[in-house]
Amino acid sequence: MTQKNILVTRSSMPAFEEYVEEIRDIWDSRWLTNMGAKHKQLQKELSSYLKVDETDLLTNGHMAIELSLAAMGLQGEVITTPFTFISTTQAIVRNGLTPVFCDIDPVTYTMDPKKIEALITEKTCAILPVHVYGNICDVEAIEEIARKHNLKLIYDAAHVFGVEYKGRGIGSFGDVSCFSFHATKVFHTIEGGAVTYAEAMKDTFGKKLSYIKDFGIEDEESIPEIGPNAKFNEFCAAMGLCNLRHVDGEIAKRQKVVERYRENLSGIPGITLNQPQKDVKPNYAYFPVIFDEEILGVNRDRIKEFLGEHGIHARKYFYPITNSVSCYQGKYDPHDTPIALKMSHQVLTLPLFADMELEDVDYICDLIKEAIR
Ligand code: T4K
């Protein structure tokens, strides 16, 4: 039998012909980037799909966070989580802001609202929580804290495309939400990202963000902001338009994969699976599993290695936590966020993508059972 080679995820793709058809008008118009027709169409369609007022497209999810913070003109400290992809923390620091790390809830892996207020100082200007793996933060509790202390609330929504809470698009919570449309995401535009926000912010924040992502330019002669180039192009927009037509079907297929994993791995002492959340329409973005070495007698790293020996490439999302990475060495103490630290040593994200064969899920689960035997 040839060895399997299953990576942690695999990009969803439209039919080749569908994409070619979608990019045909780009040849006719010769308009390739800089807020073209497809960009505008995708923005409109996304606002409707995500149930948000406004959507602005950018080159990637990282720029969505970094430039949202810039457009808010923030200064001081930002309360955030270390249990995330490095992008979240880099976006804060690259704005000259100081990240203050809040620990996470051990069930949802998102920022624990009970621990936020103790971290607020007179320098705090914002809270930047992350919806992790498709799980949403306690948006109601966090919003109450942000309002009470007059803090801006920016969500890293890279993992929650299409997720809804009590029928509301997740991108409609807080001041702004930042989505990633990277090739590895539930919905992608090859590379891409979006900022969603309320209509009331259109003439202030929205305008500023649209200038900042385009070198700060308002028009040919007016450059009121300082900005890089984070413009989204027409080929990525075309991929987005195609993928959006199929995203519900892709999420339904992911659901089947997740259900199969749950059937196989539920009820095993020492293995904790991600829990569905009440009132949440999920997107099945990732399948994280917590392996407790004290009960299993084998640690997460050995399980990862064992899977790798059989061609199964699970990933340690998120290890190391961002307050312990080398570029911040000595600046922060990861022991200040003990739950995040512990989870980062126990979590393994198993392969998950829409076209995954259910028998491959069974194979992976059998390997895990063998590894912990
Ligand atoms: N905030 C959070 C919470 C995030 O998770 C991310 C990104 C961001 C912000 C920033 O958003 P972006 O600026 O990226 O839009 C991946 C992704 O590159 C990254 O987007 C993602 N989070 C992060 C969690 O995962 P790597 O270094 O693990 O990706 P890589 O290249 O190893 O790919 C993983 C697997 O995906 C591969 O083994 C195979 C598959 N793959 C990958 C690519 C590039 C495909 O099937 N097709 C592809 O084109 O970071």
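Colleague: Let's start with R94: is this residue buried or exposed, and how do I read that?

Modeller: You look at relative accessible area: under 20% is buried, over 50% is exposed, and in between is partly exposed (1.4 Å probe, protein chains only). The areas come from the Shrake-Rupley method, and only the protein chains shown count as cover. R94 has 61% relative accessibility, so R94 counts as exposed. Bear in mind that this is a predicted model, where local features need pLDDT of at least 70, side-chain atom pairs count only at pLDDT 80 or more, and totals for chains, interfaces and linings use all residues. Residues are numbered from 1 along each chain as its sequence is written, and side-chain values use heavy atoms, with hydrogens and water left out.

Colleague: Got it. Which residue does R94 form a salt bridge with?

Modeller: Side chains of opposite charge can pair when their charged atoms come close. The rule here asks for a side-chain nitrogen of Lys or Arg within 4 Å of a carboxyl oxygen of Asp or Glu. R94 pairs up with E66, and their closest N and O atoms are 2.9 Å apart. R94 sits in the loop between α4 (86–93) and β3 (98–101), while E66 is in helix α3 (residues 61–71), so the pair ties together parts 28 residues apart in sequence. Helices (H or I, at least four residues) and strands (E, at least two) are DSSP runs, numbered from the N terminus. Unlike its exposed partner R94, E66 is buried, at 8% relative accessible area.

Colleague: How many salt bridges are there by this rule?

Modeller: The count comes to 23. Take K253 and D355, whose side chains meet at 2.8 Å, N to O. K253 lies in helix α7 and D355 in the loop between β13 (347–350) and α11 (358–372), so this pair ties together parts 102 residues apart in sequence. K253, at 35%, is partly exposed, and D355 is partly exposed too, at 44%.

Colleague: And what about D362 and R260?

Modeller: Their side chains meet in a salt bridge as well, at 2.9 Å, N to O. D362 is in helix α11 and R260 in helix α7, so the parts they tie together are 102 residues apart in sequence. R260 is partly exposed, at 25% relative accessible area. Bridges can also share partners: E18, E22, D25, K38 and R245 are joined that way into one network.
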